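Subject: Structure for you to look at

Dear colleague,

Here is the structure I promised to pass on, with the sequence alongside. Please open it before reading further, as my notes below are meant to be followed on the model itself.

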Amino acid sequence: MRFIDLFSGMGGFRLALEKNNLECVFSADNDKYACDTYNLNFYENSLLDITKIEENKIPDHEILCAGFPCQPFSIGGFRKGFDDIRGTLFFDIARILNKKKPEIFILENVQGLISHNKGNTFKVILDTLASKLNGLEHISKKEENLNYSVYWKILNSKDFNLPQNRPRVFIVGFKDHNIKFQFPSPLTRTMNLVDIFDKQPEIRKISDQSLDYIHTFLRNHKHNNFIKNLEYLVAYEIRKSRVAFRYDNNSPCLTTKMGTGGNNVPYLVKKNRFLTLKEGLKLQGFPINFKFTNSYSASLRQIGNSVSVKVVDQIIKSILK
Ligand SMILES: C[S@@+](CC[C@H](N)C(=O)[O-])C[C@H]1O[C@@H](n2cnc3c(N)ncnc32)[C@H](O)[C@@H]1O
């Protein structure tokens, strides 16, 4: 089966689907740095602005994958078709689905998509895509409906044997309404945060001032005695006004903010260093020999933007069952 990788980033969807013997026939992302990384690993230049791609230039495919940026929809409630979504990146997914009619799509987004714009954004998305929702007739579908049978669920990377708290909404659609889809069940946990620590890490130290913030907030933390000696204690969002901690052997959610520098990168308190690129790759299910051309911060931003490979791997296995 052939697939396309829209908003391809550093290729999380591509890795997972290729692992399952599917063939990528098209990819697109408008971020030069992400495309450099993609090119280095998949030997393909994906630098394209999706809003400018004509549908008929996209090769035929059976599966459309897209981890698209979340944008608000401003509708008055009186329009019933594609006009509601025009000007958003979801519109570009919808117009490609409308023209190419692949058998299956897999979309991914932040958990906040569900409550975004008071739930309106998610409603418009489902109303546009689905004439059947989670196996039942979808009553509030739009007139201009793409007629897919749609399933959605929040899956967290930490339930798929990746030690990272990363809840994401996945939306899977089938052209064939007879298909009964079930999202994958959690995997047995064999890997904790301590298991992914680099043996010979590249050390990036923190400033004395930021270290001071961490220890001040740690002293005042209600679980201070319990957490202060934990090997897997992680400090993140390190600010004078507040420092957040994670102490359940998972990393906090890796985000694009990591690309803006030091205090936005998770900090391993007992190791006295920031997370390394290799650790970031492992937390997202990428192989550690995955290559980057860009700086540490540009690479971290891509890792924070990417989809967790193992979660997509399990979804595609459930689809292909
Ligand atoms: C959430 S990330 C997807 C990451 C990807 N799934 C991965 O595994 O790395 C969203 C991506 O959309 C890209 N993007 C945003 N606007 C775009 C546009 N108009 N055309 C193409 N790509 C776009 C961003 O550069 C970013 O890489």
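Two strands are said to pair here if DSSP finds at least two bridges between them. On that basis strand β5 (residues 130-133) and β7 are a pair, since three bridges join them and they run parallel; one of the matched positions is Ala-130, whose bridge partner in β7 is Tyr-148. Please bear in mind throughout that this is a predicted model.

The domains

The domain assignment of the protein gives domain 1, made up of 2-187 + 304-320, and domain 2, which covers 203-275. The C-alpha centres of these two domains lie 33 Å apart, and where the domains meet, seven residues of domain 1 are in contact with 11 residues of domain 2. On the side of domain 1 that touches domain 2, the residues divide by class into one nonpolar, four polar and two charged.

The eight-stranded sheet

The pair β5 and β7 belongs to an open sheet of eight strands, with mixed pairing and the order β2-β1-β3-β4-β8-β7-β5-β6. Its edge strands are β2 (23-28) and β6 (136-137), each of which pairs on one side only. As a general reminder, strands of a sheet pair through backbone hydrogen bonds, either parallel or antiparallel. Strand β1 (residues 2-6) pairs with β2 in the parallel sense over five bridges, and within this pair Phe-3 stands opposite Cys-24 in β2. Helix α1 (residues 12-19) packs on the sheet, where it touches β1, β2 and β3 (63-67), and its direction makes about 175 degrees with that of β2. Elsewhere in the sheet, β7 and β8 run antiparallel and are joined by eight bridges; one of the matched positions is Asn-156, whose bridge partner in β8 is Pro-167.

The four-stranded sheet

There is also an open sheet of four strands, with antiparallel pairing and the order β10-β9-β11-β12. Because β10 (244-246) and β12 (273-274) stand at the edges with a single partner strand each, one side of each is left without a neighbour in the sheet. Strand β9 (residues 234-236) and strand β11 (residues 267-268) run antiparallel and are joined by two bridges, with Ala-235 standing opposite Tyr-267 in β11.

Helices and what covers them

In helix α2 (residues 32-42), the buried residues are Ala-34, Cys-35, Asp-36, Thr-37 and Tyr-38, and they pack against β2 and α8 (296-305). Helix α8 is itself mostly covered, with seven of its 10 residues buried, namely Ser-299, Leu-300, Arg-301, Gln-302, Ile-303, Gly-304 and Asn-305. What covers these buried residues of α8 includes α2 and α7 (277-283).

Ile-93, which lies in helix α3 (residues 89-100), is worth selecting on its own. Why does Ile-93 count as buried? The cut-off for being buried is 20 or more other C-beta atoms within 10 Å, and Ile-93 is buried because it has 23 of them within that distance. Leaving aside its neighbours within four places in sequence, Ile-93 is in contact with Leu-6, Ala-66 and Phe-68. The C-alpha atoms of Ile-93 and Glu-55 are separated by 9.9 Å, although these residues are 38 residues apart along the chain.

Backbone angles to check

Most residues other than glycine have a negative phi, and a few positions here are therefore worth a look with that in mind. Phe-7, in the loop between β1 and α1, has a phi near 55 degrees, a positive value in a residue other than glycine; Phe-7 is also buried, with 25 other C-beta atoms within 10 Å. Asn-161, in the loop between β7 (148-156) and β8 (167-174), has a positive phi of about 60 degrees although it is not a glycine, but Asn-161 counts as partly exposed, with 17 C-beta neighbours inside 10 Å. Just after α2, Tyr-43 takes a positive phi of about 60 degrees.

The ligand

Finally, of the 21 residues around the ligand, those that come nearest are Gly-9, Gly-12, Asp-31, Gly-67 and Ser-306. By class, the shell around the ligand has nine nonpolar, nine polar and three charged residues.

With best wishes

Terms used: Residues are numbered from 1 along each chain as its sequence is written. This is a predicted model: local features need pLDDT of at least 70, side-chain atom pairs count only at pLDDT 80 or more; totals for chains, interfaces and linings use all residues. A residue is near a molecule or strand if its C-beta atom, placed from the backbone, lies within 6 Å of it. Ala, Val, Leu, Ile, Met, Phe, Trp, Tyr, Cys and Pro count as nonpolar, Asp, Glu, Lys and Arg as charged, and the others, Gly among them, as polar. Domain bounds come from an automatic or database domain assignment. Two residues are in contact if their C-beta atoms, placed from the backbone, lie within 7 Å. Axes are lines fitted to C-alpha atoms, for helices over the stretch in contact, and angles run from 0 to 180 degrees between N-to-C directions. A residue is buried if 20 or more other C-beta atoms lie within 10 Å of its own, exposed if 12 or fewer, and partly exposed in between; C-beta atoms are placed from the backbone.
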